[in-house]
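Q: Pick one part of this model and take me through it closely, please. I'd like a connected account that starts with that part and then follows its contacts outward.

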Amino acid sequence: MDWVILIASGVLEAVWATALGASKNFRRPWPTALFVVALVLSMAGLAFAMTTIPVGTAYAVWVGIGAVLTVAYAMIFGGERASLVKVLLLVGIIGCVVGLKIVGEA
């Protein structure tokens, strides 16, 4: 269950990062509200997961999931140019996240 919460928290990291950009320096109320809610839930989930998953592993997984999803969203919806190299590097991050999960269970 802790891993499910950690993964959900990583997804919420991507949500708050994207909402932060959309808030235009906190001048737009709805993206700002989404940022605050997603940030609090993401941090709470990360903190909960860290009670059983080692801090370094939990943080690396959380950041990896958030980073990959944030960049993927930006590439899909036009904020960032996609390239084969970027996609391959993102796949590498995903591989590292999966590897940390596998090693964490061993």
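A: One definition first: a residue is called buried when its relative accessible area is under 20%, exposed when that value is over 50%, and partly exposed in between. Also keep in mind that this is a predicted model.

Let's take helix α2, which covers residues 29-49. Start with its length. At 1.5 Å a residue, the 21 residues of α2 should span 30 Å, and the C-alpha atoms at its ends are indeed 30 Å apart, so the two values agree. As for its buried residues, these are Pro 31, Thr 32, Phe 35, Ala 38, Ser 42, Gly 45, Leu 46 and Ala 49. They cover an arc of only 165° around the axis, which means they sit on the same side of α2. Flip to the other side of α2 and you find Pro 29 and Val 40 exposed.

So what covers that buried side? The cover includes α1 and α3, the latter running over residues 55-76. Ser 42 is a nice place to see both. With a relative accessibility of 0%, Ser 42 counts as buried. Leaving aside residues up to four places away in sequence, Ser 42 touches Ser 9, Leu 12, Glu 13, Trp 16 and Trp 62. Two of those neighbours come with polar atoms close at hand. A polar atom of the Ser 42 side chain lies 2.9 Å from the backbone oxygen of Ser 9, and the Ser 42 side chain also makes a polar contact of 2.9 Å with the side chain of Trp 62.

Follow the Ser 9 direction and you land in α1, residues 2-22. Its 21 residues should span 30 Å at 1.5 Å a residue, and its end C-alpha atoms are 30 Å apart, so the length fits here too. Buried in α1 are Asp 2, Trp 3, Leu 6, Ser 9, Gly 10, Glu 13, Ala 14, Trp 16 and Ala 19. Ser 9, Glu 13 and Trp 16 are thus among the buried residues of α1 and also among the ones Ser 42 touches. At the far end, just after α1, Lys 24 takes a positive phi of about 50°. At the other end, Met 1 sits in the segment before α1 and is exposed, with a relative accessible area of 74%. Here's a link back to α2: Met 1 and Ala 49 are 48 residues apart along the chain, yet their C-alpha atoms are separated by 8.6 Å.

Now the aromatics, since α2 has a hand in these as well. The structure holds four aromatic pairs. In one of them, the rings of Phe 26 and Phe 35 have their centres 5.6 Å apart and their planes at 55°, so this pair is tilted. Its two members differ in exposure: Phe 26 is partly exposed at 47% relative accessible area, while Phe 35 counts as buried at 11%. Another tilted pair joins Tyr 59 and Trp 62, with 5.7 Å from centre to centre and 35° between the planes. Tyr 59 and Trp 62 are three residues apart in α3, so about one helical turn separates them. Tyr 59 is partly exposed, with a relative accessible area of 46%, whereas Trp 62, the polar partner of Ser 42, counts as buried at 4%. Back on the α1 side, Trp 16 joins Phe 26 and Phe 35 in one aromatic cluster.

One more stop in α3 rounds out the neighbourhood: Ile 65. At 14% relative accessibility, Ile 65 counts as buried. Not counting residues up to four places away in sequence, Ile 65 touches Ile 7, Gly 10, Val 11 and Val 97. Gly 10 is one of the buried residues of α1 we've already met. As for Val 40, on the exposed side of α2, its C-alpha atom is separated by 17 Å from that of Ile 65, with their positions 25 residues apart along the chain.

Terms used:
Residues are numbered from 1 along each chain as its sequence is written. This is a predicted model: local features need pLDDT of at least 70, side-chain atom pairs count only at pLDDT 80 or more; totals for chains, interfaces and linings use all residues. Side-chain values use heavy atoms; hydrogens and water are left out. Helices (H or I, at least four residues) and strands (E, at least two) are DSSP runs, numbered from the N terminus. Buried means under 20% relative accessible area, exposed over 50%, partly exposed in between (1.4 Å probe, protein chains only). A polar contact is a pair of N or O atoms within 3.5 Å; within protein, one must be able to donate a hydrogen and the other to accept it, and residues adjacent in sequence count only if both atoms are side-chain atoms. Contact means heavy atoms within 4.5 Å. The expected span of a helix is 1.5 Å times one less than its number of residues. The arc is that of the directions from the helix axis to the C-beta atoms. Rings of Phe, Tyr and Trp (its six-membered ring) pair if their centres lie within 6.5 Å; planes under 30 degrees apart count as stacked, over 60 as edge-to-face and the rest as tilted.
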